[in-house]
Amino acid sequence: MSNIFRVKNFFAKQIMLSSIQEFEVEGVVFDIMALSAELKKEVESCSSHVGMLSLAADSGLYFDGSRAIDNESLDVSALWGDSALDVDCDPCIQYRVGEKVCEISGLTSALEDMISLEQAVIEEEEEAAKKEIEAAEKEAATEELMRSGKIDGDKELPLVDVDRLNEDEAEARRLIG
């Protein structure tokens, strides 16, 4: 492996370091930074917006000259479970930090697209469940009619057969014409 200096990496690091900022949520101050191109791809590949926000929050924390997740002695995930952060807010602090990291990393539209996709799936599932309930209700009503033998207020199920229908049709034709 050679030690080739890449100018694009130099500039990318400058941009990354220039994105460092303080972000306050519910009285808790976080030092955050934009995600690298590799981390942005990881966040975009998450299967849910919750996963995107969690990964962005974890990956965007800045500490002592580098990303907190790059410091092996730090347990970043323990931060979100710390009782000092147990503040009543919605969405939770981690997700709000993740939203801000996505914003400064240019991932807002990817996050919004994921939320829209998830909402569409939820709506499809709700519509399918609604149709299933309606079908079950219709089937139950039909079974009740068959069991009771009553239709639309009848006292009992009328006796109808093909011969009777043919006789009624013949009588109707005779009267009409």
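In which helix does Glu126 lie? In this predicted model, Glu126 belongs to helix H6, which spans residues 108-148. The residue counts as exposed because its relative accessibility is 51%, and the cut-off for that class is over 50%. Together with Glu123, Glu124 and Glu125, Glu126 forms a negative surface patch.

The chain as a whole contains 7 helices and 4 strands. Read from the N terminus, these elements follow the order α-β-β-α-α-β-β-α-α-α-α. Of the 177 residues in the chain, 24% are buried. The exposed surface of the chain amounts to about 13100 Å², of which carbon and sulfur atoms supply 52%. Among contacts with a separation of 6 or more, 57% join residues that are 24 or more positions apart.

Charged side chains were examined next. Side chains of opposite charge can pair when their charged atoms come close. The structure holds 4 salt bridges. One of them joins the side chains of Arg96 and Glu26, with an N to O distance of 3.4 Å. Arg96 is located in helix H5 (residues 93-104), whereas Glu26 occupies the loop between strand E1 (21-25) and strand E2 (28-32), so this pair ties together parts that are 70 residues apart in sequence. Both partners are partly exposed: Arg96 has a relative accessibility of 24%, and Glu26 has a relative accessible area of 41%. The backbone of Glu26 is also notable in that its phi is near 50°, a positive value in a residue other than glycine.

A positive phi is found in a second loop as well. For Asp64, which is not glycine, phi is near 55°. Asp64 lies in the loop between strand E3 (62-63) and strand E4 (66-67). With a relative accessibility of 67%, Asp64 counts as exposed.

Two further salt bridges are formed within individual helices. In helix H5, the side chains of Lys100 and Glu103 meet at 3.3 Å, N to O. These two residues are 3 positions apart, about one turn of the helix. Lys100 counts as buried because its relative accessibility is 16%, under the 20% limit for that class. Its partner Glu103 is partly exposed, at 47% relative accessibility. In helix H7 (residues 162-176), Glu169 and Arg173 are 4 residues apart, so about one helical turn separates them. Their side chains form a salt bridge with an N to O distance of 2.9 Å. Glu169 is partly exposed, with a relative accessible area of 37%, while Arg173 counts as exposed at 58% relative accessibility.

Phe23, a residue of strand E1, provides a further view of the region around helix H5. At 18% relative accessibility, Phe23 counts as buried. Leaving aside neighbours within four places in sequence, Phe23 contacts Val28, Val29, Phe30, Ile32, Arg96, Val97 and Lys100. These contacts therefore include Arg96, which lies in helix H5 and pairs with Glu26 of the loop between E1 and E2. Phe23 and Lys100 are 77 residues apart in sequence, yet their C-alpha atoms are 8.0 Å apart in space.

A contrasting case among the charged residues is Glu118. Glu118 is found in helix H6, the helix that also contains Glu126. Glu118 is buried but takes part in no salt bridge. The nearest side chain of opposite charge is that of Arg96, which is 17 Å away. When residues up to four places away in sequence are not counted, Glu118 touches Ser47, Ser48 and His49.

Ser54 was considered last. Ser54 lies in helix H3, which comprises residues 49-60. Its relative accessibility of 18% places Ser54 among the buried residues. Outside its neighbours within four places in sequence, Ser54 is in contact with Gln94 and Tyr95.

Terms used. Residues numbered from 1 in each chain as written. Predicted model: local features only at pLDDT ≥ 70, side-chain atom pairs only at ≥ 80, totals over all residues. Heavy atoms only, no water. Patch = residues over 30% accessible without salt bridge, like charges linked within 9 Å, V, L, I, M, F, W, Y side chains within 5 Å. Areas by Shrake-Rupley, 256 points an atom, 1.4 Å probe, with all protein chains shown as cover. Lys, Arg positive; Asp, Glu negative; His and termini not counted. Charge placed at Lys NZ, Arg CZ, Asp CG, Glu CD. Buried < 20%, exposed > 50% of the residue type's maximum accessible area, 1.4 Å probe, protein only. Contact = heavy atoms within 4.5 Å.
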